[in-house]
Amino acid sequence: MRTRVRRTLALDIAVGAAALLVLVLVPVMFPSRALVDFIIRGSALALFATSLNLLVGYGGMVSFGHGMFFGLGAYSFGLLMQGTGMPIPLAFVLTIAAAAAVALVVGLVCVRLSEIYFAFITLAFQMFLHSLIILWVPLTGGDQGLRGGIPRPPFLGIDLSRQSALYPTCCVLLVAGLLLMRQVVESPFGYTLRMVRDNPLRARYVGVPVDRIRLIAFVIAGVFAAVGGVIMSLFVSGAYPDFAYWTMSGDGIFIIMLGGLGTFLGPTVGTAILMLLNDVVTRFTEYYGLTLGIIILLFALGLRRGLLDVVVDQWTRRLKI
């Protein structure tokens, strides 16, 4: 078992290193600022969506309020940098700690609830955070968001105020975050989480602490969603109420539906699909919401699964033949 785990880890690291190399070389091969911006935004959303899939796909916990952690990460990091001017790595660590603490408190309330109640209570917490952001104008800037930009002082020779430094940093955070979440789902904890998802009653019967497993997954997912929020705040040099609005969670659900719940990289593929649809649809029609809704409906009715789920299933069938 340990040998298999080591082989899986070694393979994941090798694939991650290759992916990181390709991402870093993208601006060299295709010198387009728009493409670089696309990948930076994609890094933030891919981490967010993959963390949501830890709950939905692997834990069977459909959260309508996961965007609260994305918004919390963006605002916590921005406020720390604006108010203290501390080094970016320290602000990053404190933001992660804050997200973990909030996820722990919210999770203690939510993970004991059944599916529909879990979904709507998480949404209630998100709307509470969004209302707090709107109403606490002296701190958050209200509906205008954090104004004045986020200070990004250089550290270890890295100046994140320059896109040439911000881009590889975001790529590293993306690959590292995906690798860590991959290890979570492939660990004994990840398989226990699947057992809880598939049959919580049997899991309780054999002595699995179901609520504790769900709570740990909830905290892990909240932390990685906050990392996505930090990346987005660095990219836009600010934080805005939309980051914590319910539509953020809706986008996450759409992403994992488009890309696939059953494959680890499904949310990353779904992120690219949704972002491309956003960019294309807004160029050709003002009826953005209606058009995008129809496209997603066609995906849902036509494939009935995420795109990567279908591709992997077809590939597996061909190998068996």
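Seven is the number to keep in mind at the outset, since this predicted model holds 7 salt bridges by the rule applied here.

Select arginine 41 and aspartate 279 to begin the tour: they form a salt bridge in which the closest N and O atoms are 3.7 Å apart. This pair links distant parts of the chain, with arginine 41 in helix H2 and aspartate 279 in helix H12 (residues 266-284), 238 residues apart. Arginine 41 is partly exposed, at a relative accessible area of 26%, and aspartate 279 is likewise partly exposed, at 27%.

Next, go to helix H7, where glutamate 186 and arginine 182 both lie, 4 residues apart, or about one turn of the helix. Their salt bridge has its closest N and O atoms 3.5 Å apart. Glutamate 186 is buried, because its relative accessible area of 18% falls under the 20% limit, whereas arginine 182 is partly exposed at 24%. Add Asp12 and Arg194 to the selection, and you have the network of Asp12, Arg182, Glu186 and Arg194, joined by salt bridges that share partners.

Now turn to the interior and select Phe77, Tyr167 and Phe218, which touch the most other members of the largest nonpolar core, a set of 78 residues. Several helices give two or more residues to this core, including H1 (2-29), H3 (67-84) and H10 (210-236), and the largest share, 17 residues, comes from H10.

Centre the view on phenylalanine 77, and, leaving aside its neighbours within four places in sequence, look for its contacts, among them Ile88, Phe92, Ile150 and Leu234. Apart from this core lies another, of 12 residues, which includes Ala49, Leu52, Ile255 and Leu292.

Notes:
Residues are numbered from 1 along each chain as its sequence is written. This is a predicted model: local features need pLDDT of at least 70, side-chain atom pairs count only at pLDDT 80 or more; totals for chains, interfaces and linings use all residues. Side-chain values use heavy atoms; hydrogens and water are left out. A nonpolar core is a set of buried Ala, Val, Leu, Ile, Met, Phe, Trp, Tyr and Cys residues joined through side-chain atoms within 4.5 Å. Buried means under 20% relative accessible area, exposed over 50%, partly exposed in between (1.4 Å probe, protein chains only). Contact means heavy atoms within 4.5 Å. A salt bridge is a side-chain nitrogen of Lys or Arg within 4 Å of a carboxyl oxygen of Asp or Glu.
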